[in-house]
Every structure is written in structure tokens, then in C-alpha cells.
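Open the model in your viewer and keep the sequence panel visible. This tour goes from one selection to the next and says what is found at each stop.

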Amino acid sequence: VYCCNPRVEIAGKTILLVDDIYTSGATASEAARTLRRAGCERVFCLCASLTALKGQVTQMQRLQDRTSS
């Protein structure tokens, strides 16, 4: 469960999420969704490492589609 600090104004801003490892995309997806609901204009995710799973590219494309809407 994620939430935004109400004392930090993020409405209309671009946010860069930084994570150590991208496995299923669940963490990045939920964090991005929370930021977008709080009014963030755009969210990008930068990961230091990618776990190679079958269908991973498709999962990353779905994450992009979900966070851009």
C-alpha cells in the first residue's frame, strides 16, 4: 500500500521513481498509480536491474499503458 505525503505538492509534476530491481512490475505499477491519482502529470521508472522472466517485455509495455492513462 502506497500513499503520498500530503505536505508535498506533486500535482502537475513529473516524477522519477528509482527502484533497485524490476521483477513483475507490481511495485512500480502501484507506486505510479498512486502518484497519478495524487495529481502527478507524468511518472517514469528507472530500475538498476531487470529480472528476466518469460513475457517480461509484454509486462513492461502493460505498465507503460496503465501509468499513462
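A residue is called buried with under 20% relative accessible area, exposed with over 50%, and partly exposed in between, using a 1.4 Å probe and protein chains only. Residues are numbered from 1 along each chain as its sequence is written. This is a predicted model, in which local features need pLDDT of at least 70 and side-chain atom pairs count only at pLDDT 80 or more, while totals for chains, interfaces and linings use all residues; side-chain values use heavy atoms, with hydrogens and water left out.

**Whole chain**

Start by colouring the protein chain by pLDDT, the predictor's confidence in each residue, from 0 to 100. The chain averages 84, and 84% of the residues score at least 70. Confidence is lowest in helix H2 (residues 56-67), with a mean of 70, and highest in H1, with 92. Where pLDDT is low, the predicted coordinates should not be read in detail.

Now switch to a cartoon view. The protein chain has 2 helices and 2 strands, in the order β-α-β-α from the N terminus. Helices (H or I, at least four residues) and strands (E, at least two) are DSSP runs, numbered from the N terminus. Of the 69 residues in the chain, 23% are buried.

**The two strands**

Select residues 14-22, strand S1, and residues 42-50, strand S2: the two run parallel and are joined by 8 bridges. Two strands count as paired if DSSP finds at least two bridges between them. For one bridge, pick threonine 14, whose partner in S2 is arginine 42. For another position, pick tyrosine 22, which stands opposite leucine 50 in S2.

Add residues 26-37, helix H1, to the selection. S1, H1 and S2 together make a right-handed β-α-β unit. Right-handed here means that, with the strands pointing away from the viewer, the path from the first strand over the helix to the second runs clockwise.

**A patch on the surface**

Which residues form the nonpolar patch on the surface? Select Leu16, Val18, Phe44 and Leu46, which together have about 410 Å² of accessible area. S1 and S2 are the elements that give two or more residues to this patch. Patches are made of residues with over 30% relative accessible area and no salt bridge; like charges are joined within 9 Å, and nonpolar side chains (Val, Leu, Ile, Met, Phe, Trp, Tyr) within 5 Å. Accessible areas come from the Shrake-Rupley method with a 1.4 Å probe, and for residues only the protein chains shown count as cover.

Stay on leucine 16, in strand S1. Leucine 16 counts as exposed because its relative accessible area is 51%.

**Along helix H1**

Show the side chains of glutamate 30 and arginine 33. Both are in helix H1, 3 residues apart, about one turn of the helix. They form a salt bridge, with the closest N and O atoms 2.8 Å apart. The term requires a side-chain nitrogen of Lys or Arg within 4 Å of a carboxyl oxygen of Asp or Glu, and by this rule the count is 1. Glutamate 30 is partly exposed, at 28% relative accessible area, and arginine 33 is partly exposed too, at 26%.

Move on to arginine 37, also in helix H1. Arginine 37 counts as exposed because its relative accessibility is 67%. Its C-alpha is 9.6 Å from that of cysteine 4, 33 residues away in sequence.

**Two loops**

Is cysteine 40 buried or exposed? Select it in the loop between H1 and S2: cysteine 40 is buried because its relative accessible area is 3%. The C-alpha atoms of cysteine 40 and isoleucine 15 are 7.2 Å apart, with their positions 25 residues apart along the chain.

Finish at threonine 51, in the loop between S2 and H2. Threonine 51 is partly exposed, at 23% relative accessible area. Its C-alpha is separated by 5.0 Å from that of threonine 23, 28 residues apart along the chain.
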